[in-house]
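Let's work through a few exercises on charged side chains together. Keep the viewer open and try each task before you read its solution.

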Amino acid sequence: MRVLAVNDISCVGRCSLASALPIISACGVECNVLPTALLSTHTGGFEGYSFLDLTKEIRAILAHWKKLGLKFDFIYSGYLGNIEQVELVMGLKEEFLATDGKFIVDPVMGDDGTLYNGFSQAFVEKMRKLCEQADYILPNATEACFLSQLPYPLTEANTDEALHRLRALAPCPIITGVKGETGISVHFIDEQGKKRSFTHENLEGFFCGAGDAFASAFVGCLANGTTETEAVRLADDFTAACIRRSAKEVPDKRFGLNFEAEIFPFVKKLNA
Ligand code: PXL
């Protein structure tokens, strides 16, 4: 199976392609990359980061791939640097997705109720259009609110409404990081159209890149041949294990999840 991961390279901070590559490769599938931007660090908490926009290079890369006639079995998009890049990614499905291939969109835009640096309401509208092309969308609770026009925070009561509204965009919405009374949950609609969820104890600490670890593990599992439900379960367990470990081991959360130490146990469960 051949996966294309469309995401930025944050040189420091363990997110985006720096987590997609090792995690998807560990699932035993080829991971090709389309880098959207090159940053000295991610934008979540570091001051003065550098940012090289790669939109022009994306056009050159796609022109070459078109000549090669490349097709991918899975296209997974994450952090996109501007509206133009969202438009370019909207063209990927028709040109580069194999017949029966799957398109997974992680609409990376914000967390904790607010948009990340550099994103606007116009970007949200464009991202909604991209989601309409996807087979699976993986918003966190904040992104789910922006996409579904529901107030943040998501509660147990309006999560169903969020899933319902997101389902109008894509057949299988998966909302991560929904805080409830019994813990933190991922709520999703499975391939049969049934609502499902998995819950973990409330885990301390916000780590930039947790969503990328979840999305990468989800894509890696799907590409390895699991069902959607199994992919969500394995990705959720993996992310929770990474956060549990990192809450103890990573003193400065900006440097991201210690996912490396959890890759082996995760892959063992995937191959069990
Ligand atoms: O993990 C999400 C993410 C990805 N890429 C960049 C980011 C962030 C979150 O802040 O800044 C560049």
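**Salt bridges, step by step**

Arg14 is partly exposed, with a relative accessibility of 26%. Please keep in mind that this is a predicted model.

**Exercise 1.** Find the salt-bridge partner of Arg14 and work out which parts of the chain the pair ties together.

*Solution.* Start at the side chain of Arg14: it forms a salt bridge with Glu260, at 3.2 Å from N to O. Next, place both residues: Arg14 sits in the loop between β1 (2–12) and α1 (17–26), and Glu260 belongs to helix α10 (residues 260–270), so the bridge ties together parts 246 residues apart in sequence. Finally, check the partner's surface: Glu260 has a relative accessible area of 42%, which means it is partly exposed.

**Exercise 2.** Decide whether Glu95 and Lys66 are buried, partly exposed or exposed, and locate the helices their salt bridge links.

*Solution.* The N to O distance in this pair is 3.9 Å, which fits the cut-off because a salt bridge needs the nitrogen within 4 Å of the carboxyl oxygen. Glu95 lies in helix α4 (residues 92–96) and Lys66 in helix α2 (residues 55–68), so parts 29 residues apart in sequence are tied together. Glu95, at 31%, is partly exposed, while Lys66, at 52%, is exposed.

**Exercise 3.** Name the helices joined by the salt bridge of Lys126 and Glu87.

*Solution.* These side chains meet at 3.0 Å, N to O. Lys126 is in helix α5 (residues 121–131) and Glu87 in helix α3 (residues 83–90), so the pair ties together parts 39 residues apart in sequence. Lys126 is partly exposed at 24%, and Glu87 is partly exposed at 39%.

Technical notes:
Residues numbered from 1 in each chain as written. Predicted model: local features only at pLDDT ≥ 70, side-chain atom pairs only at ≥ 80, totals over all residues. Heavy atoms only, no water. Helix = DSSP H or I, 4+ residues; strand = E, 2+ residues; numbered from the N terminus. Buried < 20%, exposed > 50% of the residue type's maximum accessible area, 1.4 Å probe, protein only.
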